[in-house]
Amino acid sequence: MNQKMLVLIGFIILCAAGTSIYFLLNKDSKSDSLTSNIEQEKKHNESEKDNVDSNEKTIVIYFSATGTTQKIAGYISELTNSNRIEIVPTEEYTDNDLNYNNSNSRANKEQNDRSSRPKIRNEIDIAEYDTIYLGYPIWWGDVPKIILTFVENNNLEGKKIIPFCTSHSSGMSTSLNTLKSYKELNIVDGRRFDSSSNKSDVESWLKGIK
Ligand SMILES: Cc1cc2nc3c(=O)[nH]c(=O)nc-3n(C[C@H](O)[C@H](O)[C@H](O)COP(=O)(O)O)c2cc1C
């Protein structure tokens with residue numbers, strides 16, 4: 001074999017090796033860029049999801065005559081990091097008004113009157129909220145009539161309403177039925193608490209509905 005032949009064979013081997021290396025490198029970089037695209041999309045979707053979740057605006061709205069429901073409303077507001085607004089009656093309830101042993105007390109008369117809608121003193125702007133935790137004490141097994149004033153005077157359509165209540169011992173099912181009788185509203189099943197309920201009771205409930 002002469003010298004020219006040796007140079008030619010060497011040249012062919014070099015070309016073959018170069019081509020193989022080029023294809024190998026190119027394949028790796030393509031699969032690398034594919035992987036990084038998938039990673040980026042995954043991250044984007046996750047951050048979109050976070051945005052959607054954080055754009056959901058929640059508020060706690062409640063009526064409380066003696067502070068028990070207010071305490072629970074405070075826990076919900078803290079734990080969900082949302083504002084809370086009290087439904088304040090134009091005419092506040094005195095102890096006599098709340099005496100359920102007297103059939104002539106104001107609260108008892110209101111509960112017995114289907115058309116009673118006690119007036120609300122404060123403006124409650126709920127336009128920007130998607131989810132409303134709606135709190136009340138149980139009065140004679142049902143929602144206090146001022147809750148119906150709130151429901152009927154505000155546009156709650158399209159919002160998710162999560163009721164919560166406090167009572168001595170009664171459950172909340174009658175009050176839920178009353179709220180659900182407003183067919184255009186999205187009322188989900190809520191939760192009853194009592195005066196001994198604490199923050200961790202509220203926390204476990206909230207975890208369960210998320
Ligand atoms: C007029 C009136 C009626 C009530 N009716 C009931 C009832 O039917 N069942 C019950 O378990 N508790 C009843 N309660 C007790 C309240 O539901 C309970 O004390 C509640 O936690 C009070 O909440 P608040 O402090 O937020 O007003 C009634 C209280 C009042 C003032």
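User: In this predicted model, how many residues of each class make up the shell around the ligand?

Analyst: The shell holds 14 polar residues and eight nonpolar ones, with no charged residues. In total, 22 residues surround the ligand. S64, T66, T68, T69 and P137 are the closest. Two elements, α2 (68–80) and α3 (106–112), each give two or more residues to this shell.

User: Which element gives the largest share of the shell?

Analyst: That is α2, with three residues.

User: Before going further into α2, what is the overall layout of the protein, read along the sequence?

Analyst: The order is α-β-α-β-α-β-α-β-α-β-β-α, made of six helices and six strands. The protein has 210 residues, and 21% of them count as buried. Take the contacts between residues at least 6 apart in sequence: 75% of these join residues at least 24 apart.

User: Back to α2. How many residues does α2 have, and what is its reach from first C-alpha to last?

Analyst: The helix has 13 residues and reaches 19 Å, close to the 18 Å expected at 1.5 Å a residue.

User: Which residues of α2 are buried?

Analyst: T68, T69, I72, A73, Y75 and I76 are the buried residues of α2. They lie on the same side of α2, because the arc they cover around the axis is only 160°. The general idea is that an α-helix has 3.6 residues a turn, so residues three or four places apart point the same way. Two of these buried residues, T68 and T69, are also among the closest to the ligand.

User: What covers the buried residues of α2?

Analyst: The cover includes strands β1 (58–62), β2 (83–86), β3 (131–137), β4 (160–166) and β6 (191–193), along with helix α6 (199–209).

User: What happens just after α2?

Analyst: There, N81 takes a positive phi of about 55°.

User: Now a strand residue. Where is T131 found, and is it exposed, partly exposed or buried?

Analyst: T131 is found in strand β3. To read burial, count the other C-beta atoms within 10 Å: 20 or more means buried, and 12 or fewer means exposed. T131 has 17, so it is partly exposed.

User: Which residues does T131 touch, leaving out those up to four places away in sequence?

Analyst: T131 touches E56, T58, K159, K160 and I162. Of the elements named above, β1 (58–62) and β4 (160–166) include T58, K160 and I162 from that list.

User: What separates the C-alpha atoms of T131 and L156?

Analyst: The separation is 9.6 Å, for two residues 25 apart along the chain.

Key:
Residues are numbered from 1 along each chain as its sequence is written. This is a predicted model: local features need pLDDT of at least 70, side-chain atom pairs count only at pLDDT 80 or more; totals for chains, interfaces and linings use all residues. A residue is near a molecule or strand if its C-beta atom, placed from the backbone, lies within 6 Å of it. Helices (H or I, at least four residues) and strands (E, at least two) are DSSP runs, numbered from the N terminus. Ala, Val, Leu, Ile, Met, Phe, Trp, Tyr, Cys and Pro count as nonpolar, Asp, Glu, Lys and Arg as charged, and the others, Gly among them, as polar. Two residues are in contact if their C-beta atoms, placed from the backbone, lie within 7 Å. The expected span of a helix is 1.5 Å times one less than its number of residues. The arc is that of the directions from the helix axis to the C-beta atoms.
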